[in-house]
Amino acid sequence: MKKYLIANWKMQLLNSEAGKLAGDLVEEKIKKDVEVVLCPSFTALSFVAKEIKGSFIKLGAQNVWYHEKGAYTGEVSPIQLKGLGVEYVILGHSERRKYLNETDEEINLKIKAVLENGMTPVVCVGETFEERRVGRTDLVLIRQIIKGLEDVKLEAGQKLLVAYEPVWVIGTGQAIEPADAEKALRVIESNLKDIFEEGDDVQIIYGGSVDANNVSEFVKEDMFSGALVGGASLTKEKFQSLINKV
Ligand code: PGA
């Protein structure tokens, strides 16, 4: 099974810092069956692209707009990302849902735009603490999946990743109990089965306070196919030791 380790650098690194970290990671040996994807801020994409050129580390973005060109001040188009060598795009991250009011409908349009432009969407879903407390975790996941993936079809060679990220553990240093993550995984899995065709390349990864100490509890046979990593991807030492654990 191919495993994905996707570094979500959020807005944490300056352009030069992102370039430096990418360059440091390229020097390290990375196992062949692990797809490592670095997702810096838009402004740092070309810095990182330069460093990872020719290596097997891949480039990702943290967002995109769903039109290819036009009067959309401040937005970045999928063609522009593709032109920089971006292969993956994180979509619907809870921070964007929360601070930018991103809706499932917008996320749906973005997923389609990313696929149409030959990149892989990494679609984030997950419940808040309050939603879990009142027993709505499954409902939230199902809603985000059904609405976000409405009419999304994969053509030959295309793939899609869904990241289960319980919102309440992101950035806390304390991941969810693996047994609870597995329950959510099964809900997501069975819904994706209804949406996609047998044989479609759709993988589910886990995100939320993943580090070198806990990654192997989530990323293993019959569990998640990889991880979306925030804090633990921000230094070469932390990210490299995490990569070595999968
Ligand atoms: P974290 O972030 O690993 O720092 O919890 C993960 C994410 O927000 O994608």
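The following exchange concerns salt bridges in a predicted model.

Modeller: In this predicted model, local features need pLDDT of at least 70, side-chain atom pairs count only at pLDDT 80 or more, and totals for chains, interfaces and linings use all residues. Residues are numbered from 1 along each chain as its sequence is written, and side-chain values use heavy atoms, with hydrogens and water left out.

Biologist: Why is the contact of Asp-104 with Arg-97 called a salt bridge?

Modeller: The term requires a side-chain nitrogen of Lys or Arg within 4 Å of a carboxyl oxygen of Asp or Glu. The closest N and O atoms of Asp-104 and Arg-97 are 2.7 Å apart, so the pair qualifies. By this rule the count comes to 14 salt bridges.

Biologist: What makes Asp-104 buried?

Modeller: Buried means under 20% relative accessible area, exposed over 50%, and partly exposed in between (1.4 Å probe, protein chains only). Asp-104 has 6% relative accessibility and therefore counts as buried. Arg-97, at 16%, is also buried.

Biologist: Why is Lys-183 called exposed, and Asp-180 partly exposed?

Modeller: Lys-183 has 58% relative accessibility, so it is exposed. Asp-180 has 25%, which places this residue in the partly exposed class.

Biologist: How do you know that Glu-105 and Lys-147 tie together separate parts?

Modeller: Their closest N and O atoms are 3.8 Å apart, and the pair forms a salt bridge. Glu-105 lies in helix α5 (residues 104-116) and Lys-147 in helix α7 (residues 137-148), so the pair links parts that are 42 residues apart in sequence. Helices here are DSSP runs (H or I, at least four residues), numbered from the N terminus.

Note on methods
Helix = DSSP H or I, 4+ residues; strand = E, 2+ residues; numbered from the N terminus.
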